[in-house]
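Thanks for making the time. I'll show one chain and talk through how it is put together.

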Amino acid sequence: MAQRSLISSFVSFDGEGVRRGYLGVPHSVQESAYGHIAIPIAVAKRGDGPTLLLTGGVHGDEYEGPLVLYRLMRALAELDPSGRGIILPSVNHPAFLAASRVSPIDQIDLNRCFPGSRDGTATQAIAHYVAAVLLPLISIAALSWSRSRVAAPPRSVRAGAQMSSGGPN
Ligand SMILES: [Zn+2]
């Protein structure tokens with residue numbers, strides 16, 4: 001049986017309506033023995049139905065997912081969704097703030113450390129939360145990926161760039 005996560009959820013997953021809050025990842029530092037890293041989250045629920053999880057920013061240097069999901073998070077009240085939606089626009093928030101593939105806190109790639117560790121580093125604790133707390137709640141998951149600065153652009157993007165510049169010289 002999975003151990004309970006040490007990450008606190010400052011948003012309710014139950015109850016009707018749209019709620020925005022954060023997940024608190026324990027992070028003891030010089031200035032705060034009981035400090036935490038806040039990861040933005042939104043939950044929208046209306047009636048019974050499947051639960052959809054949307055995440056972006058597993059790698060902090062892939063911006064398209066977070067951009068779309070933060071916009072969606074602001075528009076949730078107007079969308080009148082049915083069922084339950086959970087949005088984590090930048091699941092590895094420290095990496096997103098640093099525009100970095102790996103977390104600046106522990107130098108770990110979130111996408112390489114699932115199912116994570118309850119008592120591990122910040123990134124390992126986030127992976128454990130997603131695997132142990134969020135995944136059992138959901139029916140459908142949609143994860144955003146995009147090109148990071150360390151990966152080569154897809155061939156179609158390179159071809160488009162060549163066409164728009166008049167082709168290779
Ligand atoms: Zn990625």
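I'll start from a single residue. V25 touches I7, H36, I37, I39, A122, A125 and I126, leaving aside residues up to four places away in sequence. Keep in mind that this is a predicted model.

Where does V25 belong? V25 is among the residues with the most contacts inside the largest nonpolar core, alongside I41, I87 and I126. That core has 30 residues. The elements giving two or more residues to the core are strand 2 (17-26), strand 3 (36-46), strand 4 (51-55), strand 5 (83-88), helix 1 (64-79), helix 2 (93-97) and helix 3 (122-134). Which helix gives the most? Helix 3 does, with seven residues.

Now the sheet. Six strands make up an open sheet, and their order is 1-2-3-5-4-6, with mixed pairing. Strand 1 (8-9) and strand 6 (140-143) are the edge strands, each pairing on one side only.

Let me go through the pairing from the strand 1 end. Strand 1 and strand 2 run antiparallel to each other, paired over two bridges. S9 has L23 as its bridge partner in strand 2. Strand 2 in turn pairs with strand 3, also in the antiparallel sense. How many bridges hold that pair? There are 10. L23 turns up again here, with I39 as its bridge partner in strand 3. For G24, the partner in strand 3 is A38.

Helix 3 packs on this sheet and touches strand 2, strand 3, strand 4 and strand 5. The direction of helix 3 makes about 135° with that of strand 2. Going back to V25, its contacts A122, A125 and I126 are numbered within the helix 3 range, 122-134.

Next, helix 1. Which of its residues are buried? They are G65, P66, L69 and M73. The buried residues of helix 1 pack against strand 2, strand 3, strand 4 and strand 5, and also against helix 2. Helix 1 is not straight: there is a kink of about 40° centred on M73. M73 is thus both the centre of the kink and one of the buried residues. Just after helix 1, D80 takes a positive phi of about 55°.

To recap: an open sheet of six strands, helix 3 packed on that sheet, and a core of 30 residues to which helix 3 gives the most. That's what I have.

Key. Residues are numbered from 1 along each chain as its sequence is written. This is a predicted model: local features need pLDDT of at least 70, side-chain atom pairs count only at pLDDT 80 or more; totals for chains, interfaces and linings use all residues. A nonpolar core is a set of buried Ala, Val, Leu, Ile, Met, Phe, Trp, Tyr and Cys residues joined through C-beta atoms within 7 Å. A residue is buried if 20 or more other C-beta atoms lie within 10 Å of its own, exposed if 12 or fewer, and partly exposed in between; C-beta atoms are placed from the backbone. Helices (H or I, at least four residues) and strands (E, at least two) are DSSP runs, numbered from the N terminus. Two residues are in contact if their C-beta atoms, placed from the backbone, lie within 7 Å. Two strands pair if DSSP finds at least two bridges between them. Axes are lines fitted to C-alpha atoms, for helices over the stretch in contact, and angles run from 0 to 180 degrees between N-to-C directions. The bend at a residue is the angle between axes fitted to the seven residues ending there and the seven starting there.
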